[in-house]
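Could you walk me through this protein model in plain language? I'd like to hear about its empty spaces, its sheet and any odd spots in the backbone.

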Amino acid sequence: MPLARASTLLLHALFALVLSTAPSTRADAHAQGADASPAASAPWTKRDTDLAIEALTTALLAGKDPLTFWEPSTLRPGDSPQEAGYTALVVVALLHAGLSPQDNRLSDAVAFLRTAEPRGTYAVAARALVWARLSDASRPLLEKDVQWLLQGLGRRTGGWDYRQQPDSARRDNSISQFAALALWEAARRGVKVPDDAWRRIETGFLGAQSQDGGWNYDGSGAPRGSMTAAGLATLLIAQDTIHAREFVRLGARLPEAAQRNAQAIRRGMEWMDRWFSPHENPGFDTHFLYYLWAVERLGLTSGRRAFARIDWLPAGAAELERRLLRRVADASGTTGFVAYDRMEGRADGEPVRTDDLAFALLFLARARTEIAFAKLDDGSAHWNHRPRDIATVADWLGEQLERELGWQVVSIDGDPDGWIDAPILVVCSDRPPAWVPPRGAPDASAIAKLQRYVGLGGTVVAIAEGSNRAFQAAIERAARAIAPDASWRLLPNDHPLFTALYRFDGARPRIWGLSNGVRELLLLIDDDWCGTFQSRDHRSDLPWRLTANLWALATESGQARVPLPTAPRRPVHADRPNQRTVHVVRTRHDGAWNAEPLAMDALRQAAIASGLDVRVETVDLDQLANLDPPPTLAIVGGVDAVALSPAQVASIRAYVEAGGMVLFETTGGHGAFAEAAEIQLSLALGRTGQALLSHPAASGSGVDGATPLGPVRLRGRPPADDPALTRLRTIEFDGRPALLFSPEDLDHALLGHPSAMVRGYRTETARRLLANLLWWASTPRPPAAPGPPPPP
């Protein structure tokens, strides 16, 4: 097709017939634009994602023509086979970004797509992606476009050409990716796509793979990042649709076709790990935003969180910002984005194209997808016998809940702070994990990462494939190393795992749990659930429904994780950043004083946003009064009731009489720790407690630096202003709150991770409450007039 006509085709730049250059080295790729990337100064955040999506949505809507929608002005109706393609691409991007098809800014474009008659593969495929996002009322339209695509599938190439030309000998991996993705999305909506079609598509992409594992555009030239991502995503779709059951039997030899598929995927992933760059399209220095979208599709189909050990989503988002978006701030300092009308860093200074904005929006929308599960890659050959197990159960759960759920693969060599995006980390194998050797201690680095993951609020689920006993024994050894003080026991019949969403009566499966007294840190399942998920076997609903229950417990039925604030780009209080340094001590005692060991780190980090620099140390409770200088606040956490010793009571008395403040808190909110401490200290000190929440120390009212507490938010309850909703109490000394008692959880709330097994404050309330206590306790005030002596 002549290049002169390329402007009349959807995504014309994506299939311009130019020779690609060889991939640059990864070091060179990182150097290009790396210094200018915002990621160099601050990490990409969820708020950045929301603001960028808003800016891109605004830019796309501003470019809409009331008559031609998003079609190029050079096109006349009926002039191009790809008519309606641009509009379809924009509509599907806006749907992914959260706009409703009934939105009056979008509904007329959807109506246009219903009546349009595109005759080109790009346009039909893009429109099918729209129908796959709509309700069942659009099912006939989706089926019609699927049939069009199936009729255009090449008999010799196993791919597609620009038009519906099944006898074409021309290979085009870009067009073929679009069509294959459309068929896959349709199949996920229940539209029948014959296995023979998938086999032809698979054969076409297998034959198009280069010797080094990558893919090029049309069979000539060096591989490109965009086309390699496209080839891999398509082979993974084929693995999911026609080979899934062939991986179920452990130890069985795979059929030759499944072997070829798996080997090609392995070689393609090796290419991505060699050449991936978040700054350029490797091997082809244009069409960067299309490349990012192709990487996002690969992330969706493979679950891979990182390529070349780079977390592709935040790294790609930062480069997208550099190229497309400009930060702006209003008078209050609140930042947002606006889209450039020219691409930054491009020598030709071309205007930003419609498809650039659409691909950017599709890429960023992935960051909003809730990750339900992660699967741990331990670097061995045995962690992924069933490559579609977790993907399948995530899809099933999303269908049951009518919400989009994702999954990911994380590496044992990676950062556990990234793993926590998934509340559940799955470890499965038919032999001991590589990080638990047959003899000797488990690998210290792996244990430290797993400790951090569960400490941040995650739950590890170990599944013994083939009910392998050696795997189970290895996990038990690892559990003792991960949490030496936690209890390892068979879950009782009344455990909430058996009732959270689906109720199980009668016999319960044998599931072992490792608990810190607050929640389950690790579960061991001795039945081969991975095989059940891989085979899509629903003859027994137990594994599926228990997994749904597990998700409900780990996420509090879908509550979003509240991330810890990073160092703000602009201080919350610009005139007094980190205005005050405060000293907090965590006290040791005979009970579970440190059930959530990362809670104090979370407090320190969260307090940054309140202008506080929190210094934390750990001391024995009976040494509290001996600290010089005395701390601002002492936090005494526990689960079950503990008898305080005379030395501990004396130390507490001396510390509060000298002006100190002590907070007793029941971590997890189910035990009697704080209530028992209040009873003991009331008797020992001869003082009675009273409600605290309305006091300025908690509410923040009139306290310099504090933030109004606002509506009290408790887990499982709606927000309310009524202080009586909580049982936060105090024993006063000299008219000031000195001893505080919270039967509701604060420690776990600080982590920002939901859990249906915890009773207490929600994260926002807990962080604000503790910051207010610290501002109050660190504010000098004149001594109170002597009151009446305490009763004898």
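Here is a short tour of cavities, a sheet and a few backbone oddities.

## Empty space inside

First, keep in mind that this is a predicted model. Rolling a probe the size of a water molecule over the atoms shows where empty space is left. Here, the count comes to seven cavities of 30 Å³ or more.

The largest cavity has a volume of about 110 Å³. Its lining is made up of 15 residues, and Thr-459, Glu-520, Leu-553, Ala-554 and Met-757 are the ones nearest its centre. Two elements, strand S11 (520-525) and helix H19 (542-555), each put at least two residues into that lining. The top contributor is H19, with three residues. What kinds of residues line the largest cavity? Sorted by class, there are eight nonpolar, five polar and two charged.

## The runner-up

Next comes the second largest cavity, at about 70 Å³. Its lining includes Phe-373, Ile-390, Val-393, Trp-529 and Phe-533, as well as Thr-547 and Leu-550. If you sort this lining by class, you get 11 nonpolar residues, one polar and no charged. The polar one is Thr-547, because Thr isn't among the residue types counted as nonpolar or charged.

Which elements supply at least two residues each to the lining of the second largest cavity? They are helix H14 (389-401), strand S7 (424-429), strand S8 (459-464), helix H18 (529-535) and H19. So H19 turns up again: it supplies at least two residues to the lining of the largest cavity and at least two to that of the second largest.

## A seven-stranded sheet

Strands of a sheet pair through backbone hydrogen bonds, either parallel or antiparallel. In this model, seven strands make an open sheet with mixed pairing, and you can trace them in the order S6-S5-S7-S8-S11-S10-S9. At the edges sit strand S6 (405-411) and strand S9 (487-490), each of which pairs on one side only. Going from one strand to the next, the twist averages 20°.

Now zoom in on S7 and S8: these two run parallel and are joined by six bridges. Ile-424 stands opposite Thr-459 in S8. You've met both residues already: Ile-424 is part of the lining of the second largest cavity, while Thr-459 is among the residues nearest the centre of the largest one.

Helix H14 packs on this sheet, where it touches strand S5 (370-377), S6 and S7. The direction of H14 makes about 155° with that of S6.

## Odd spots in the backbone

Most residues other than glycine have a negative phi, and most peptide bonds are trans. Three places in this model break those habits.

Let's start with the peptide bond from Asp-628 to Pro-629, which is cis, with omega near 5°. You'll find Pro-629 in the loop between strand S13 (612-620) and strand S14 (633-638).

The other two are about phi. His-287 isn't a glycine, yet its phi is positive, about 60°. This residue sits in the loop between helix H10 (256-275) and helix H11 (288-302). Arg-536 isn't a glycine either, and its phi is also positive, about 55°. Look for Arg-536 in the loop between H18 and H19.

Are these two residues buried or exposed? His-287 has a relative accessible area of 15%, so it counts as buried, the cut-off being under 20%. Arg-536 comes to 30% relative accessibility, so it counts as partly exposed.

Key:
Residues numbered from 1 in each chain as written. Predicted model: local features only at pLDDT ≥ 70, side-chain atom pairs only at ≥ 80, totals over all residues. Heavy atoms only, no water. 1 Å grid on protein atoms, 1.4 Å probe; cavity = no way out; pocket = protein on both sides within 12 Å on 5 of 7 lines; lining within 4 Å. Points joined across faces, edges and corners; volume = space filled by probe spheres on them. Helix = DSSP H or I, 4+ residues; strand = E, 2+ residues; numbered from the N terminus. Pairing = 2+ DSSP bridges. Axes fitted to C-alpha atoms, helices over the stretch in contact; angles between N-to-C directions. Contact = heavy atoms within 4.5 Å. Buried < 20%, exposed > 50% of the residue type's maximum accessible area, 1.4 Å probe, protein only.
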